[in-house]
Amino acid sequence: MSSPLPESWGRHLDGEFDAPYMQTLKEFLRVQKDQRRIVYPSSENWFRAFTLTPLDSVKVVILGQDPYHGPGQAHGLCFSVRPGVAIPPSLINIYKELEADDVPFSAVSHGFLESWARQGVLLLNSVLTVERGQAAAHRGQGWETFTDRAIATINEQCEHVVFLLWGSYAQKKASFVDRQRHLVLHAPHPSPLSAHRGFFGCRHFSRANAFLQEHGMTPVDWRLPVQPEG
C-alpha cells in the first residue's frame, strides 16, 4: 500500500504505519466501518494537513484536539471547516484576535483555512478522526502517538518553527519542543469559555511573523480569500 503521506513526511513517518499501535488503530477504524458508524472527516482527508503542508515547508504549527463532529465540518485541518459551513465559535474568536493584532486581516464569512496551510501553517489535530455527533470518540486509540511523532519530527528536522499552543492540552502535547531552536507561544484556548482569560490580546500572529522575519523567512499572510477555494 502506498503511503498516505507526501515524501517529505513519509521519510520520517512511514514506519509508523507498521507499528503495533497503528495496527490496533486500523482495526478500530475497520470495526467502526463494519458497524456503519459515520466517521469524520472522510478517509481521503485524514492526512490532509500533511498533504497541504509538507515537512520542509512548515513554519508555524497550530495544534487542535480532535476533528469537528458535525456533518460537513471536518476536512483534515484543525479549527478549519469546509466552505458553506457556519464558522465555529473558537474560529470566530481567532478572527477577532487577528483583527486586533498588528497584521493585515479582515474577517471573512467562511472558516476555510487551507490558504494558511499552503503557506506552511500546519493545522494539526491530535486525533485525526471522530464519530459523528460523538466528541472525542476516537481519543486513546492511537492517533495521539502518531501525531506526537509528527511533532517530534518537526522539532528534530526543522529550524525556527513557531508553535502556537492554545490551551493546556496543546501545551502539554508539545511540551518537549526545543525552545532554543523554535519559538513556543502559549495562550488560553480560543473557545468562548476561555478566550477572555488571555487568548484575546496574545498577539500570537504578529509575534510569529516577527520571529519568521528575524530568521530570514517569509511571514505568513493571515488574510483569507473572500471566496474560499475548495
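In this predicted model, V162 of strand β5 stands opposite L183 in strand β6. Between these two strands the chain passes through helix α7 (residues 168-173), and the resulting β-α-β crossover is right-handed. Strand β5 and strand β6 (residues 183-187) are paired in the parallel sense, with five bridges between them.

**The sheet around β5**

Strand β5 also pairs with strand β2 (residues 60-64), again in the parallel sense, over three bridges. Two of the bridge partners can be named: V61 is matched with F163 of β5, and I62 is matched with L164 of β5. The strands belong to an open sheet of four, arranged in the order β3-β2-β5-β6 with parallel pairing. Its edges are formed by β3 (121-125) and β6, each of which pairs on one side only. From one strand to the next, the twist averages 20°. Strands of a sheet are held in register through backbone hydrogen bonds, in either a parallel or an antiparallel arrangement.

The table lists the partners named for three residues of β5.

| Residue in β5 | Partner | Partner strand |
|---|---|---|
| V162 | L183 | β6 |
| F163 | V61 | β2 |
| L164 | I62 | β2 |

**Burial of β5**

Strand β5 spans residues 162-166 and is mostly covered, with five of its five residues buried. In a regular strand, side chains alternate between the two faces of the sheet. In β5 both faces are covered: V162, L164 and W166 lie on one side, F163 and L165 lie on the other, and all are buried.

**Helix α6 and the nonpolar core**

Helix α6 (residues 143-157) contains 15 residues. From its first C-alpha to its last, α6 reaches 21 Å, close to the 21 Å expected at 1.5 Å a residue. The buried residues of α6 include W143, E144, F146, T147, A150, I151, A152, T153, I154 and N155.

Two of these buried residues, F146 and I154, recur in the description of the largest nonpolar core. That core has 68 residues, and the members that touch the most other members are W9, F50, F146 and I154.

The surroundings of W9 can be described in detail. Leaving aside residues up to four places away in sequence, W9 touches D14, F50, T53, P54, L55, V58, L122, A150, T153 and I154. Among these contacts, A150, T153 and I154 are buried residues of α6, while L122 falls within edge strand β3 (121-125).

Methods
Residues numbered from 1 in each chain as written. Predicted model: local features only at pLDDT ≥ 70, side-chain atom pairs only at ≥ 80, totals over all residues. Heavy atoms only, no water. Core = buried A, V, L, I, M, F, W, Y, C linked by side-chain atoms within 4.5 Å. Buried < 20%, exposed > 50% of the residue type's maximum accessible area, 1.4 Å probe, protein only. Contact = heavy atoms within 4.5 Å. Pairing = 2+ DSSP bridges. Right-handed = clockwise from strand over helix to strand, strands pointing away. Expected span 1.5 Å × (residues − 1). Axes fitted to C-alpha atoms, helices over the stretch in contact; angles between N-to-C directions.
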